[in-house]
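Please open the model in a viewer and keep the sequence panel visible. The tour below proposes a series of selections and states what is to be found at each.

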Amino acid sequence: MRRTATVVLVAAVVLMLGALLGDNSRVARSAAKQAAVAPGGRGDASRATPVINEWDVPTHNSHPHDPAVAPDGALWYTGQMSNTLGRLDIRTGKIQEFRLKTPNSGPHGLVADRDGNIWFTGNFKGYIGKLDPRSGEITEYPLPDKSAEDPHTPVFDQKGTLWFTVQGGNDVGKLDPRTGMIFLKKVPTPHALPYGIAVNSKGVPYFCEFGTNKLASIDPDTMDITEFPLPRGARPRRLAITPDNAVYYSDYARGYLGRFDPATGKIDEWRSPGGTDSEPYGITATADGVVWYVETGLRPNRLVGFDPKTRAFAVPTPIPSGGGVVRHIVATPDGKLYLACSGVNKVGVAEVRH
């Protein structure tokens with residue numbers, strides 16, 4: 001399998017690339033300037049140098065959608081168009097694929113439980129699935145409402161309950177792995193398109209309403225939903241929660257990184273280095289509190305780091321393959337970033353060096 005790597009060393013490299021890319025030079029100059037003058041000086045994120053390795057997915061046109069981290073450190077991904085789940089051993093580069101039993105399931109999001117089972121959303125067929133990698137056995141849990149036809153992103157809370165969004169059905173759901181019972185809750189705002197979801201340290205799930213300018217939380221016991229309006233025109237797509245429980249979101253429509261403080265209700269925003277059309281999408285946070293996300297409106301897609309302590313952006317790192325839209329990224333406990341590059345049939349790992 002072909003593996004590629006890139007290192008962005010200094011802002012001067014970005015400027016040189018911009019000159020070669022013509023119109024994109026304005027973006028490069030903006031990124032370099034912002035990195036140079038970011039308030040608070042050069043924090044950890046602004047000194048970070050991500051090194052990105054990529055691996056080809058074995059099945060052609062798999063459209064790897066989302067990545068996940070397994071307890072053994074393996075990178076898992078959904079092959080949305082090949083009806084597969086894949087496992088990459090990042091030490092050897094070996095990829096193993098598991099074919100789903102229901103044709104055209106359209107696996108979308110996935111997450112590993114403590115035992116190493118892989119849970120995924122059957123986006124095209126309206127079910128939640130569980131793969132036991134040791135036996136290859138797949139268990140399916142159909143959603144109880146036929147209108148909830150497109151489960152989207154799954155995440156576990158600290159008690160082992162699986163939470164997930166249902167974009168077109170306008171629901172948030174939870175599944176008890178011990179019983180298989182599923183409960184769904186409609187989002188108050190019609191056509192809210194619940195999208196990315198994450199759980200804070202207190203066990204409270206927060207999610208994006210991509211169809212409108214709102215974030216929301218759901219009470220894990222009562223399933224009551226509370227919505228939080230963002231600035232007009234915002235379209236939050238994915239979110240990440242830092243160790244201090246701040247909620248960061250990628251504003252896909254306006255080209256911003258946003259921060260919502262649940263304790264005070266305060267919202268802060270920073271224009272992404274790539275500008276209005278940068279389309280921030282996949283986002284995560286590492287254990288040190290640094291936020292990482294991908295600008296998908298630019299070619300190539302670019303990985304961007306943001307240090308909340310200094311409010312400094314790192315010089316963006318181009319995805320070697322171009323990315324082809326990096327829709328989701330996840331962080332490992334030791335600070336690696338796992339990426340799924342859907343449009344170019346690759347998965348990747350970014351190691352952040354300071």
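The stops that follow concern pockets, backbone geometry and salt bridges.

The model is a predicted one, and residues are numbered from 1 along each chain.

**Stop 1: the largest pocket**

Begin by selecting Val111, Val155, Phe156, Val199 and Ala331, which lie nearest the centre of the largest pocket. The lining comprises 45 residues, and the space within amounts to about 1300 Å³. Which strands supply at least two residues each to this lining? Colour strand 3 (64-69), strand 7 (107-112), strand 11 (151-156), strand 15 (194-199), strand 19 (236-241), strand 23 (280-285) and strand 28 (326-331) to display them. Colouring the lining by residue class should give 27 nonpolar, 12 polar and six charged residues.

**Stop 2: the second largest pocket**

Proceed to the second largest pocket, with a volume of about 250 Å³. Its lining has 14 residues, and Asp157, Lys159, Thr161, Pro220 and Asp221 are the closest to its centre. By class, this lining divides into four nonpolar, four polar and six charged residues.

**Stop 3: backbone geometry**

Select Arg299 and Pro300 and inspect the peptide bond that joins them: the bond is cis, with omega near 0°. Pro300 belongs to the loop between strand 24 (291-295) and strand 25 (302-307).

Next select Asn245, in the loop between strand 19 and strand 20 (247-251). Asn245 is not a glycine, yet its phi is positive, at about 70°. Is Asn245 buried or exposed? With a relative accessible area of 15%, Asn245 is buried.

Glu279 is another residue to select here; its phi is positive, near 50°, and Glu279 is likewise not a glycine. Glu279 is found in the loop between strand 22 (267-271) and strand 23. Its relative accessibility is 28%, so Glu279 counts as partly exposed.

**Stop 4: salt bridges**

The structure holds 15 salt bridges. Start with Asp66 and Arg238, whose side chains meet at 3.2 Å, N to O. This pair links distant parts of the chain, since Asp66 is in strand 3 and Arg238 in strand 19, 172 residues apart. Asp66 is buried, at 1% relative accessibility, and Arg238 is also buried, with a relative accessible area of 1%.

Select Asp72 and Arg87 next. Their closest N and O atoms are 2.8 Å apart in a salt bridge. Asp72 sits in the loop between strand 3 and strand 4 (75-79) and Arg87 in strand 5 (residues 84-88), so this bridge ties together parts that are 15 residues apart in sequence.

Then display Lys186 and Asp171, which form a salt bridge of 3.4 Å, N to O. Because Lys186 lies in strand 14 (residues 182-186) and Asp171 in strand 13 (residues 171-175), the pair ties together parts that are 15 residues apart in sequence. How accessible are the two partners? Lys186 is partly exposed, with a relative accessible area of 41%, whereas Asp171 is buried, with a relative accessible area of 2%.

Finish by selecting Asp251, Arg254 and Glu269, which are joined into one network by salt bridges that share partners.

Key:
Predicted model: local features only at pLDDT ≥ 70, side-chain atom pairs only at ≥ 80, totals over all residues. Heavy atoms only, no water. 1 Å grid on protein atoms, 1.4 Å probe; cavity = no way out; pocket = protein on both sides within 12 Å on 5 of 7 lines; lining within 4 Å. Points joined across faces, edges and corners; volume = space filled by probe spheres on them. Helix = DSSP H or I, 4+ residues; strand = E, 2+ residues; numbered from the N terminus. Nonpolar A, V, L, I, M, F, W, Y, C, P; charged D, E, K, R; others polar. Buried < 20%, exposed > 50% of the residue type's maximum accessible area, 1.4 Å probe, protein only. Salt bridge = Lys/Arg side-chain N within 4 Å of Asp/Glu carboxyl O.
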